[in-house]
Amino acid sequence: MLRTVITGVTGRMGSTLLRLARSSREFSIVGATARQGSPVVGLDAALAARMGEPLGLAVVDDLDRALDAGAQVVIDFTSAEASVAHARQCAAKGVAMVIGSTGFNAETRHRIVESARAIPVVLAPNTSVGVNVVIQMAAELARVLGQGFDVEVLEAHHRMKKDSPSGTALRLAEVLASTLGRESEDLTFARRGWIGPRSEREIGVQTLRGGDVVGEHTVFFFGEGERIELTHRATSRDQFGKGALRAAEWVARQRPGLYDMANVLGLQRT
């Protein structure tokens, strides 16, 4: 069984991961963390995550303490800043990581890269198997359709999501831009007022927020007289958790380095 630590166990994804890992024969939960000052610190992890039957494992607010229980992998869905700190702690103790946090900028991503020199790290804005297949399909559509279509990315999430656009939408835009020979300057994140005709190189990335939407991503290819839409809709966080557990099993066997879900799933590089 893979000895696993789950961070942020009271969060949406943390509690989902705890439930899924607990029900799996492949994982042994040896640590669970919450942020410093959280009222759940010291409580049984299962009770803190509102799972009912106790797990016999107390929530701690220091990842180092959780790692000392012989952890082989940490699954981290917290925040970009917290994940950077957690990666540094894992690197110091030689523990592999799966990071599903979003909101990374160039600096925080670079700090993850530095930690990945010492340990294997899967960094994925979306751990759903289905959405990663969609990213692959979007790249293939862009390659076949070529320059004759206008490309737009639309994402929708629940009202509580803090970062915009989503990490998945950014990844889609990056893959599409790379496939079509575009640059980061060609990505457009807002339109307002007198904007003039659309540039042929432009890739629009638009955001919707509201309700309890788990996650939706659509890539539009607008042509003359036709339109193609490629959509992934998440209706439960379980598929993110299942993908993260799959990534955890995979990364625990790898050498130090930075990986993504394409590596985990054996998809062709985009």
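Domain bounds here come from an automatic or database domain assignment. Keep in mind that the model is predicted.

**Stop 1: the two domains.** Select residues 2-123 together with 237-265 and give them one colour; this is domain 1. Next, select 129-234 and pick a second colour; this is domain 2. Domain 1 is written as two stretches of the chain. Now place a marker at the centre of each domain. Taken over C-alpha atoms, the centres of domain 1 and domain 2 lie 29 Å apart.

**Stop 2: where they meet.** Turn to the border between the colours. How many residues of domain 1 are in contact with domain 2? There are 10, and they touch 10 residues of domain 2. Together the two domains bury about 830 Å². Carbon and sulfur atoms carry 59% of that area.

**Stop 3: three residues to show as sticks.** Select Arg12, Thr102 and Arg237. These residues supply 41% of the area that domain 1 buries against domain 2. No other three residues supply as much.

**Stop 4: links across the border.** Look for salt bridges between domain 1 and domain 2: the count is 0. Then look for polar contacts. Across this interface, 1 residue pair is in polar contact, with both residues at pLDDT 80 or more.

**Stop 5: the helices on the domain 1 side.** Select α8 (238-251), then α9 (261-265). Each gives at least two residues to the side of domain 1 that touches domain 2. Which element gives the most to that side? The answer is α8, with 3 residues.

**Last stop: colour by residue type.** On the side of domain 1 that touches domain 2, find 3 nonpolar, 3 polar and 4 charged residues.

Technical notes: Residues are numbered from 1 along each chain as its sequence is written. This is a predicted model: local features need pLDDT of at least 70, side-chain atom pairs count only at pLDDT 80 or more; totals for chains, interfaces and linings use all residues. Side-chain values use heavy atoms; hydrogens and water are left out. Contact means heavy atoms within 4.5 Å. Buried area is the accessible area (1.4 Å probe) that two parts lose on being put together, summed over both. A salt bridge is a side-chain nitrogen of Lys or Arg within 4 Å of a carboxyl oxygen of Asp or Glu. A polar contact is a pair of N or O atoms within 3.5 Å; within protein, one must be able to donate a hydrogen and the other to accept it, and residues adjacent in sequence count only if both atoms are side-chain atoms. Helices (H or I, at least four residues) and strands (E, at least two) are DSSP runs, numbered from the N terminus. Ala, Val, Leu, Ile, Met, Phe, Trp, Tyr, Cys and Pro count as nonpolar, Asp, Glu, Lys and Arg as charged, and the others, Gly among them, as polar.
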